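Take a look at the model below. The text after it goes through each chain and then the place where they touch.

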Amino acid sequence: MLYFSRWKAAGVLAVALLVMLCAVPNFFPDKVVESWPKWAQRHLVLGLDLQGGSHILLEVDSNAVRREKVENLRDDVRRVLRDARIGYVGLTARGDTVEVRIREGADATQALTKLRELSQPLGGLLGNTGQRSVDVSDQGNGVIRLTVTQAAMTERIRQSVEQSIQIIERRVNELGTVEPSIQRQGVDRILVQVPGLQDPSRLKALLGTTAKLTFRLVDMNNSAAEAAQSGRVPPDDELLYEGRGGQRTPILVEKRIMVSGEDLTDAQPGFDSRTSEPIVSFRFNTTGGRRFAQVTQENVGRPFAIVLDNEVISAPVIREPILGGSGQISGNFTVQSANDLAILLRAGALPAPLTIIEERTVGPGLGQDSIERGKLAAYLGGGLVIVFMFATYGLFGLFANIAVMVNVAMIFGVLSLLNATLTLPGIAGIVLTVGIAVDSNVLIYERIREEVRAGRSAIMAIDAGFSRALATILDSNVTTFIAAAVLFFIGTGAVRGFAVTLGIGILTTLFTAFTLTRLIVAVWVRARRPQTVPM
Amino acid sequence: MRLLRIVPDDTNFDFIRFRRISFPISGVLSIVAILLYFFHGLNFGIDFRGGTLMEVQAKSGTAELAQMRQTLAGLELGEFQLQQFGSPADVLIRIAQQPGGDEAQQAAVRKVRESLGDSVDYRRVEVVGPRVSGELLAMGTIGIFFAILGILIYLWFRFEWQFALGAMIANMHDIVLTIGFMSITQVDFDLTSIAALLTILGYSLNDTVVIYDRIREMLRRYKKMPMEELLNHSINSTLSRSVITHVTVSLALFALLIYGGQAIHSFTAVMMFGVVLVGTYTSIFIASPILLYLGVGQTRREAEAEAASSRATPPAKAKA
């Protein structure tokens, strides 16, 4: 147990040194590290709880996605039947299905064929699974039922999440924060992590707004106030409100959309040249511009509403046709809200509303405090343990202390190599690893003491102590490692940080116990040829 | 230099006989812990119950608790708690889950931010919606289950099944008592508590495995030694290690308890109890003696009895 070939000794030292060297970039400021070659740049990332920041878990409103998908199908059915000049009654959308009754029994077969064309194979050219997007069935009596298949729904939700992620990325990047991270989680969730924000309200507002912008004509033939009071809204209209907070005026807006936000190519915050109020100016693409020109030409003198997420931002009167394909929105903006609206319009509308279902924000002050406290805890814990080990085992305690320090340095090395995130619970994991690492030494030393008491010579006792204790160390560490692994797989965020450092700590502990401590003791034995074990 | 020696060499305590006291005590304590869990309950943190937690620091240096309480009471947020911790400026605000889904939780945070305004620094804000909290709880429970299962399977491979079973009983005992402790002290039961429970599992097993390892070694070496004596010997010879290790772990935990801060306070408090008090006690007084009842070394004892009766002499008692 105590013999090391020259090569093996060199190997052990080389591994320990290399791993420890990996921790070096953490001691230099980011600016310096950036100038190093790529492979040398790997370093620890501070978790949001240490550097401050927001962790926001969003959920795509999959019910809205479902609803929209079915409503689209209903509109398609209407279009198909109208185009084929087939008379129908009772077109309804409910749950995942659309039902329609064909008026003339003779048309039923033709209607069925036409409607079947709405069902498309899923998965495109490559991943053709044989599944289709819609099940079309004849219910008899001229009733045709179309059901959106489960696979099509799942696919649609997946697409919505993907799209949402892209849009969120564009929005968050506009905030100008460093290294935001946006990841998909599970089926319909998105995790947004943004470090270093003082107040996440603005971020949350940007994430929580769908930003569906529409330009629609205002209905002047009916009274909005009356509709608001009686609750009777004309079938082609929608009752919306203008102005947030206190004063909310009802406005009857046509359901028909003139131009929507999808036709915008650009949006910029600015100031009105006359009133110097903050405004958002925008530009349409060609189709949008043409349509806008046409509608404004036909409706000079009528007001139109600019609607954002079912809220009327403003309803100006069309004074003259707007032909240039650009315009501006004014509506009680502050500089910031004009800026935010421009960001939202540029990034595009979310395919479905997002809800914040979990938020964890740590202010930068607390993060800094936590780092300080974590350091203190580590120094105090480490110091106490080192003193205690030295008091208990003397010279061997010193060996153990060297091994523990190398161990901790190696943990930082491995964490850097993995670009791992260090959290406050992660620091706790490291402090606890010190306990485990010391335990491996205690196991060895106690075993050596026992062997000495059993009457063995010093060298024999040390040899036997190592070989017997190592099996125990392996067994006892594997159990803790299993617990850490489970924590890693079930844990999120901070808890996962704990699992990572604990797990890595166990591995480095095994390495140091099996090689480094043994090597140090072996070198000492060879140099001193001890007759007694000094502990 | 005289070295520190906490446990003298060659101790010879009769730990196994103590099982007549330790088993009933543990039994009673476990039942009390279970009753506590059901009738006193755990102080579920927002991770599992949903709701809002805000850590604020008064900019003036001293938080006016009474005034803050009044301000928040006016917001009609339902149940809320204010708690001072650390310096007089630091206050924890806990707001129960708001009826009305995820949006309502965010609205509550907005209201608090508006009413407290700039008088405080918002150091930490955590909002957990109703669905997420349910999932986190389920995940935690599943996690503990799988950890126990995984460890059992490992022990089963490395030892005989009796050891795995003994370790599992010891494990359950640890978890039940720790949950009882959390119920009495009403520390926040949150995700970090699950982490603490799992770590306690690992540590306590670590301890148990060290003694089991010794028992296995002794079983191979001393084929004739009576089981009780063998167990006692194993525990005594690893006693010094158990004590020293736990002193070092508690030193490390002690540092975390003092400087770890609010965020991991419940974690360290639970760890301190679980690892230092229960874990050590369990491996010595529960995990080891229980092997007697699980039939470890059974076949050998039968052979022993046979040999004794054929010789018709009373078996020699090596040590009292």
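What follows starts with chain A, moves to chain B and ends at the contact.

This is a predicted model. Begin with chain A. It holds 15 helices and 19 strands. Its radius of gyration is 35 Å, and the globule rule gives 24 Å for 535 residues, so chain A is more spread out than a compact globule. The box around its C-alpha atoms tells you the proportions: roughly 110 × 65 × 45 Å along the principal axes.

How much of chain A is buried? The share is 43% of the 535 residues. Now consider how chain A contacts itself. Take the contacts between residues at least 6 apart in sequence; 68% of these join residues at least 24 apart.

UniProt adds a layer of annotation to chain A. An unreviewed entry places "transmembrane region" at residues 376–395, 402–420, 426–445, 466–490 and 502–525. Two of these spans can be checked against the model. Residues 376–395 of chain A are 95% helix and 0% strand. The end C-alpha atoms of that span are 27 Å apart. Residues 502–525 of chain A are 100% helix and 0% strand, with 32 Å between the end C-alpha atoms.

Turn to chain B. It has 11 helices and six strands. Chain B is divided into two parts: domain 1 takes residues 19–43 and 133–311, and domain 2 takes residues 51–128. Domain 1 of chain B is thus written as two segments, with domain 2 falling between them in sequence. The C-alpha centres of these two domains of chain B lie 40 Å apart.

The overall dimensions of chain B come next. Its radius of gyration is 25 Å, whereas a compact globule of 320 residues would have a value near 20 Å. The C-alpha trace of chain B spans about 90 × 50 × 30 Å along its principal axes. Of the 320 residues in chain B, 47% are buried. Contacts in chain B with a separation of 6 or more are 78% between residues 24 or more positions apart.

Chain B carries UniProt annotations too. The unreviewed entry gives "transmembrane region" for residues 21–39, 136–157, 164–185, 191–215, 243–264 and 270–294 of chain B. Look at residues 136–157 of chain B: the model makes them 100% helix and 0% strand, with the end C-alpha atoms 31 Å apart. Residues 164–185 of chain B are also 100% helix and 0% strand, and their end C-alpha atoms are 31 Å apart. UniProt, again in an unreviewed entry, lists "domain: Protein export membrane protein SecD/SecF C-terminal" at residues 111–295 of chain B. In the model, residues 111–295 of chain B are 82% helix and 6% strand. The end C-alpha atoms of that stretch are 64 Å apart.

Now bring the chains together. How many residues does each chain give to the contact? Chain A gives 58 residues and chain B gives 60 residues. On chain B, helix 4 (101–116), strand 5 (120–128), helix 5 (130–158), helix 7 (191–221) and helix 8 (227–259) each supply at least two residues of the side that touches chain A. That side of chain B divides into 33 nonpolar, 14 polar and 13 charged residues.

Strand 5 of chain B deserves a second look. It pairs with strand 18 (residues 354–362) of chain A. The pairing is antiparallel and runs over five bridges. To find the spot in the viewer, go to A:Glu358, which stands opposite B:Val128 in strand 5 of chain B.

Note on methods:
Residues numbered from 1 in each chain as written. Chains lettered and ligands numbered in written order. Predicted model: local features only at pLDDT ≥ 70, side-chain atom pairs only at ≥ 80, totals over all residues. Contact = placed C-beta atoms within 7 Å. Helix = DSSP H or I, 4+ residues; strand = E, 2+ residues; numbered from the N terminus. Nonpolar A, V, L, I, M, F, W, Y, C, P; charged D, E, K, R; others polar. Pairing = 2+ DSSP bridges. Rg over C-alpha atoms; globule rule 2.2 N^0.38 Å. Buried ≥ 20, exposed ≤ 12 C-beta atoms within 10 Å, placed from the backbone. Domains from an automatic or database assignment. UniProt positions renumbered as here; feature names shortened; annotations may be inferred.
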